[in-house]
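The following exercises concern helix packing, salt bridges and backbone geometry. Each task is followed by a worked solution.

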Amino acid sequence: MTQDTQMPSWGVVSTVDEPAPLVAAFVAHHLAAGAREVHVFCDRPNPEAEALLADIDGAHVHHSGEDGWERGWRKKRPARHQGRQKYNATRILNETKLDWLVHCDADEYVRLERPLEWELEKTGPQKAWIRFEVDERCYLDEAPGATIFEGAFRRKWDGFEKEGLLFYGTRKRFLNRGVGGHIAGKPIVRSGHGYAIGVHFPLSHWDSKINDLPYRPSYNARLLHFDGLTPLHYILKMLRRATTKVKGEPVPYVGPRTAQFSEAAARADDPEGLRDLWWQVQGLRDYEAAELEEHGLLTRPDVPIVGEVNALFGGKVDLCPAAFDRALIAHEADLIARLNETFGFDPMPLMSA
């Protein structure tokens, strides 16, 4: 995408702990979308991702804690990944020469109707940030597709509390306003004002905990959320959350999300039960998809991510589900060993063929 140097500039920052193909896809997509810079903070060493990104213009690879956490409390690594996300994003927001910065995860991809610079140029100085609403990927077939980025996308359903049980039956307990993940969206934030960036919205200062800066929803951009790039990826994410213990108050998750964590833990030694959970949360029958689409709650956008990855990396990145799951098994070896010891969890029956 051609960049107009007279228009507002923007970039992306993310703290990542994912297999290298996903990190590469995240960078390729956002550079193709017009980001001047994409900053990825490896939350632990990821030599494969670093090697892929080493010679990519606009890609900036960092390591969580590379500055000694000098801006943090007692200069210590935050125990929670949300704290590290906040720290890393705020650091780049304070250091960047870009006009705006997006903060999102490696499984979240900004989708634009028009170049983002166009919307930023039209955003008055009274708005500190713009919120990208979320479209969440769902599956229309239990068999894996050709790539990890296939499927349709659900949107939040405002009438879900009244109508969701009739539509989904007992699966309703796993869904929040009709989606399995978050509906809070993610921000793009003005730089140069001393703001901090939390997970879902910026803060007027580091110690603030409330959404206290003026914003509006985007009318041009949405966020495509791939909440689990394969069934195995989704299940490992749920089991990690179910077994992660931190000091202090627990990070609040909505009831449907905690129901997913709990159900994954309860079925952890039952591969068929885990695959059934994945389908209950993320799968749609044909008639369900058709009805949601009729009411504007399901979209089937063109998703160019695979082409963007091939254009940037050639044949170096394999985005088929089986290859991704192999990379995932290697990347999450320690987590899988812990889950096996705790639950008797075996990832092999969940791997994509």
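A residue is called buried when its relative accessible area is under 20%, exposed when that area is over 50%, and partly exposed in between. The model examined here is predicted.

**Exercise 1. Positive phi angles**

Determine where W69 lies in the chain, and whether W69 is buried or exposed.

Solution.
- Step 1. W69 belongs to the loop that runs between β3 (59–63) and α3 (81–95).
- Step 2. The relative accessible area of W69 is 7%, so this residue is buried.
- Step 3. The phi of W69 is positive, about 55°, although W69 is not a glycine.
- Step 4. For context, a negative phi is found in most residues other than glycine.
- Step 5. R177 also has a positive phi, near 55°, and is a residue other than glycine. R177 is placed in the loop between α5 and β8. With 26% relative accessibility, R177 is classed as partly exposed.

**Exercise 2. Packing of α6 and α7**

Classify the mutual orientation of helices α6 and α7 from their packing angle.

Solution.
- Step 1. Helix α6 covers residues 231–243 and helix α7 covers residues 255–266; they pack at an angle of about 95°, and their axes are 8 Å apart.
- Step 2. Angles of 65 to 115 degrees count as roughly perpendicular, and α6 is therefore roughly perpendicular to α7.
- Step 3. On the α6 side, the contact is formed by Y234, K237, M238, L239, R241 and A242, and on the α7 side by R257, Q260, F261, A264 and A265.
- Step 4. Sorted by class, the residues in this contact comprise seven nonpolar, one polar and three charged.

**Exercise 3. Packing of α7 and α8**

Establish the orientation and handedness of the pair α7 and α8.

Solution.
- Step 1. The angle between α7 and helix α8 (residues 271–282) is about 160°, with the axes 9 Å apart.
- Step 2. Because angles over 145 degrees count as roughly antiparallel, α7 and α8 are assigned to that class.
- Step 3. The crossing of these two helices, α7 and α8, is right-handed.
- Step 4. Q260, E263 and A264 of α7 meet L274, L277 and V281 of α8. The contact of α7 with α8 contains four nonpolar residues, one polar and one charged.

**Exercise 4. Salt bridges and their surroundings**

State how many salt bridges are counted, and describe the accessibility of the partners in the pair R171 and E288.

Solution.
- Step 1. The count comes to 27 salt bridges, taking a side-chain nitrogen of Lys or Arg within 4 Å of a carboxyl oxygen of Asp or Glu.
- Step 2. R171 pairs with E288, the closest N and O atoms lying 2.7 Å apart. This pair links distant parts of the chain, 117 residues apart: R171 is in the loop between α5 and β8, and E288 is in helix α9 (residues 286–294).
- Step 3. R171 has a relative accessible area of 8% and is buried; E288, at 0%, is likewise buried.
- Step 4. In the salt bridge of K172 and E161, the N to O distance is 3.5 Å. K172 lies in the loop between α5 (160–168) and β8 (186–190), and E161 lies in helix α5, eleven residues apart. K172 is buried at 18%, whereas E161 is exposed at 56%.
- Step 5. E113 and R111 form a further salt bridge, with their closest N and O atoms 3.2 Å apart. E113 is exposed at 60%, and R111 is partly exposed at 28%.
- Step 6. A network of salt bridges links E66, D67, E70, R71, R91 and E95.

Technical notes:
Residues are numbered from 1 along each chain as its sequence is written. This is a predicted model: local features need pLDDT of at least 70, side-chain atom pairs count only at pLDDT 80 or more; totals for chains, interfaces and linings use all residues. Side-chain values use heavy atoms; hydrogens and water are left out. Axes are lines fitted to C-alpha atoms, for helices over the stretch in contact, and angles run from 0 to 180 degrees between N-to-C directions. Helices (H or I, at least four residues) and strands (E, at least two) are DSSP runs, numbered from the N terminus. Angles under 35 degrees count as roughly parallel, over 145 as roughly antiparallel, 65 to 115 as roughly perpendicular and the rest as oblique. Contact means heavy atoms within 4.5 Å. Ala, Val, Leu, Ile, Met, Phe, Trp, Tyr, Cys and Pro count as nonpolar, Asp, Glu, Lys and Arg as charged, and the others, Gly among them, as polar. Buried means under 20% relative accessible area, exposed over 50%, partly exposed in between (1.4 Å probe, protein chains only). A crossing is left-handed if the near helix is turned anticlockwise from the far one by less than a right angle, and right-handed if clockwise.
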